[in-house]
Amino acid sequence: MGFASEIKKSTVVYSLASGFNLYYFDGAECEVLGKTVKLLKHAKPALRKGINGAAGGEVFYMREVPGELAGVFDVGHWTNLIRRPAGLAHYAWPVDVVDMAGERGKPAQALVFPYRPQGEYENLKAFLSNLDMDSTPQNFWPDSGSYLGLENGKIRKLADSLLEAWCSYDASKYAYHEFSCDNMYYEPTGCRVKFDFSFSTHRAGGLADSAYVERTRVASDYADTHYFNGGTGRMDLASDYYSIAAILFKLLIGKLPYAGGILEGEPNGSEKEHSAWMKAYHDNPVFIFDQDDRSNKLGAGEPDIYENRWMKLTSQLRGMFQSAFKPANALREAQNPQCYSPSDWKSALKIIDNHGGLS
């Protein structure tokens, strides 16, 4: 091999998925979707169908399996996941899993991803945390008119891209779970989204199929109250559907669904302040536009723009949000929680196009 001298000076790691692949790295790093990762080069092609068979020298990067998952590490699970990828246009997806023992002298695993030069991506967390008319960044889409709501064509493009990504994932029968916004990115120009890999990914045969999810990898802003306050540490596909609804609502309205008069405004201070605010948020899961319970409606002094955006949605969209954010759903007190799939939301938004506007 022409690159044998490179390998001799590098650390070698071995595939656990195929038994034939090996990779090497010399300490080179790069940034992928906001995270610093180690670059790998492929040293030997795989001989088994379904596992990466790239020629030697092709560049990859790796992400170490989080420590809390190492004790329950299952090579078979990761191999099956690698061989049955979700739609890849919007998602980072692994092509191999390797043993890191050669680097550290003790058992450790990492997932291997193809490295591709990527355009400029911004973190969705920063975008969603600034959806306030009084603190609109002056340099963010300044030519788009109104900052939020469906009247903003770029907001609509972003919502469409999110739903396209979620529909692809949903069709692959996977649950994602880690809607942390640290995992979600978008292109400022084309509004297309990109999701980093979720280490909680698992195949879901139904709404109740669940997996343990570490809280540090989930944004409490978009997690359902059942998970955040329930103490079980498990999320199911219904949790994903809730997160999708919450993110869409924040995009289209500019508020979280329970951020009404009880909470008196989301703080922009420290993480500790935000955590305390989120505790109160999940303790009062009453939708701000609940038709029956108005105890947590938007308080005096709130801009009329939130009400205006709400009323500009179609009656179908308003009804879907009202159902999705009922306390019985958030707390899982309902025997059959009301959930809407990504395709349900996509169809509801498409009706707006077919009727030429909002009603």
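This briefing describes the internal cavities of a predicted model and two residues with unusual backbone angles. The model is predicted, with local features requiring pLDDT of at least 70 and side-chain atom pairs counting only at pLDDT 80 or more, while totals for chains, interfaces and linings use all residues. Residues are numbered from 1 along each chain as its sequence is written, and side-chain values use heavy atoms, with hydrogens and water left out.

**Cavities overall**

- The structure holds three cavities of 30 Å³ or more, a cavity being a set of points, on a 1 Å grid over the protein atoms alone, where a 1.4 Å probe fits but cannot get out.
- Grid points are joined across faces, edges and corners, and each volume is the space filled by probe spheres set on the points; lining residues are those with an atom within 4 Å of a point.

**The largest cavity**

- This cavity encloses about 90 Å³ of space, and its lining includes Ala-238, Tyr-241, Tyr-242 and Ala-245, together with Asn-329, Arg-332, Gln-338 and Tyr-340.
- Helices α8 (237-253) and α12 (327-330) each supply at least two lining residues, where helices (H or I, at least four residues) and strands (E, at least two) are DSSP runs numbered from the N terminus.
- The largest share of this lining, four residues, comes from α8.
- By class, the lining has nine nonpolar, two polar and one charged residue, with Ala, Val, Leu, Ile, Met, Phe, Trp, Tyr, Cys and Pro counted as nonpolar, Asp, Glu, Lys and Arg as charged, and the others, Gly among them, as polar.

**The second largest cavity**

- About 70 Å³ of space lies in the second largest cavity, whose lining includes Tyr-91, Trp-166, Tyr-169, Asp-170, Phe-179, Asp-240, Tyr-241 and Pro-342.
- Helices α6 (153-171) and α8 each contribute at least two residues to this lining, and α8 again gives the largest share, which is four residues.
- Ten nonpolar residues, two charged residues and no polar ones make up the lining of the second largest cavity.

**Positive phi angles**

- Most residues other than glycine have a negative phi.
- Lys-173, although not a glycine, has a positive phi of about 70°, and this residue is found in the loop between α6 and β9 (174-175).
- Cys-191 also has a positive phi, near 65°, and its place is in the loop between β10 (184-186) and β11 (193-195).
- Cys-191 is buried, with a relative accessible area of 1%, where buried means under 20% relative accessible area, exposed over 50% and partly exposed in between (1.4 Å probe, protein chains only).

How values were computed: On a 1 Å grid over the protein atoms alone, a cavity is a set of points where a 1.4 Å probe fits but cannot get out, and a pocket is an open set with protein on both sides within 12 Å along at least five of seven lines; lining residues have an atom within 4 Å of a point.
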